[in-house]
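Q: Can you walk me through this model? I'd like to start with one helix and what packs on it.
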Amino acid sequence: MTTKSGFERRTFLTAALGSTAVLAADVACGSPVGVAPIAERRRFEGKVVLVTGATSGIGRAAAIAFAAEGGKVAFCGRREALGQEVEQQIRQAGGEATYSKVDVRDPAQVQAFVDAVVQRYGGLHVAFNNAGISMAKGLHEVSLEEWNDLLDTNVRGVFAAMRAQIPYMLSGGGGSIVLTSSVQSVATRKGSSTYTASKRALVGLAQAAALEYGTLGIRVNALCPGTVDTPLSRRQFSGGRPMTEEEFQAAAAEWARANVHGQQRIATAEEVAQAALMLASDDHPYLTGSSFIVDGGMTVAL
Ligand SMILES: NC(=O)c1ccc[n+]([C@@H]2O[C@H](COP(=O)([O-])OP(=O)(O)OC[C@H]3O[C@@H](n4cnc5c(N)ncnc54)[C@H](OP(=O)(O)O)[C@@H]3O)[C@@H](O)[C@H]2O)c1
């Protein structure tokens, strides 16, 4: 399509994500007959979208993509400089976004954030509860402090967010909630006991909420990514030591050959963000309670 608006959308996305990412998103999602090409869609026009953990990685890519499709995006994370950078990037590209410094481990901060978002933008339609951390450690080596920190972030942080968001969605006539789980909710790896426990809990939380609010207009789904190129996975690949881009690419390619049985590559953050947008959008009104795997075929092989 070569319409003026199409050109403008592509320009927005290109400015926001960089042309490679746009290409990747276009290729990943395709444009079936009758469906607007990704760069022209406005699925979140007039919607208020909240994203937790959008200072980097999947959340950042999602905040940019939601804004590119017309959403008023309120997002959080602890690193202020990065949050402001993302907000500025979205605004410079013509989108609407507000960053707030929030630690999801503190339920009072989470509640205040959700209240402030509704006050600023007048409602809440979509929540992408994505903030999370990982840990690679043998089960008996995990301290109670480490267990609590991970669970407080990955599970209680999501619960606190949902508890604050749902009343606003109920009073606003409905909404859509997406939780970032992982393929590690389906199967696990050595050294992943705590992380797997947290991500599996989110699948249960999504199912329970889908059941409780299914007739009340709120859909809840869990997004289960495989390995994604983000600062989180880069930290895991490097094991904490400095790693050049070349070394990372080599390690990621080797990992993908051994583990991503289908496509033999890891995902970009933008590809996974597009799956979050799909789950969050009104395109699939019957989709609730699902665990949506986006792993390039990692879990299809035995
Ligand atoms: N990358 C992968 O391969 C992969 C695979 C499956 C699932 N996931 C999940 O995807 C989600 C996003 O991870 P990512 O890969 O994009 O990693 P990332 O780049 O490290 O992003 C994590 C985000 O969560 C935020 N966050 C962490 N702790 C927080 C806290 N206490 N309060 C507020 N925000 C917090 C971080 O912001 P601040 O540090 O600024 O607070 C950051 O914005 C996580 O839930 C992760 O478990 C990732």
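Q: What covers the buried residues of α5?
A: The cover includes β1 (48–52), β2, β3 (96–101) and α6 (144–171). Helices (H or I, at least four residues) and strands (E, at least two) are DSSP runs, numbered from the N terminus. This is a predicted model: local features need pLDDT of at least 70, side-chain atom pairs count only at pLDDT 80 or more, and totals for chains, interfaces and linings use all residues. Residues are numbered from 1 along each chain as its sequence is written.

Q: Which residues of α5 are buried?
A: V110, F113, V114, V117 and V118. Buried means 20 or more other C-beta atoms within 10 Å of the residue's own, exposed means 12 or fewer, and partly exposed is in between, with C-beta atoms placed from the backbone.

Q: Why do they line one face of the helix?
A: Seen down the axis of α5, they fall within an arc of 125 degrees, so they line one face. The arc is that of the directions from the helix axis to the C-beta atoms.

Q: And which are exposed on the other side?
A: A108, D115, Q119 and R120.

Q: What comes after α5?
A: G122, with a positive phi near 85 degrees.

Q: Different topic. What does A62 contact?
A: Leaving aside neighbours within four places in sequence, A62 is in contact with V51, A54, F128, N130, A273, A276 and L277. Contact means C-beta atoms, placed from the backbone, within 7 Å.

Q: Which residues come nearest the ligand?
A: G53, G57, R78, G132 and L232, of the 31 around the ligand (C-beta atom, placed from the backbone, within 6 Å).

Terms used:
Two residues are in contact if their C-beta atoms, placed from the backbone, lie within 7 Å.
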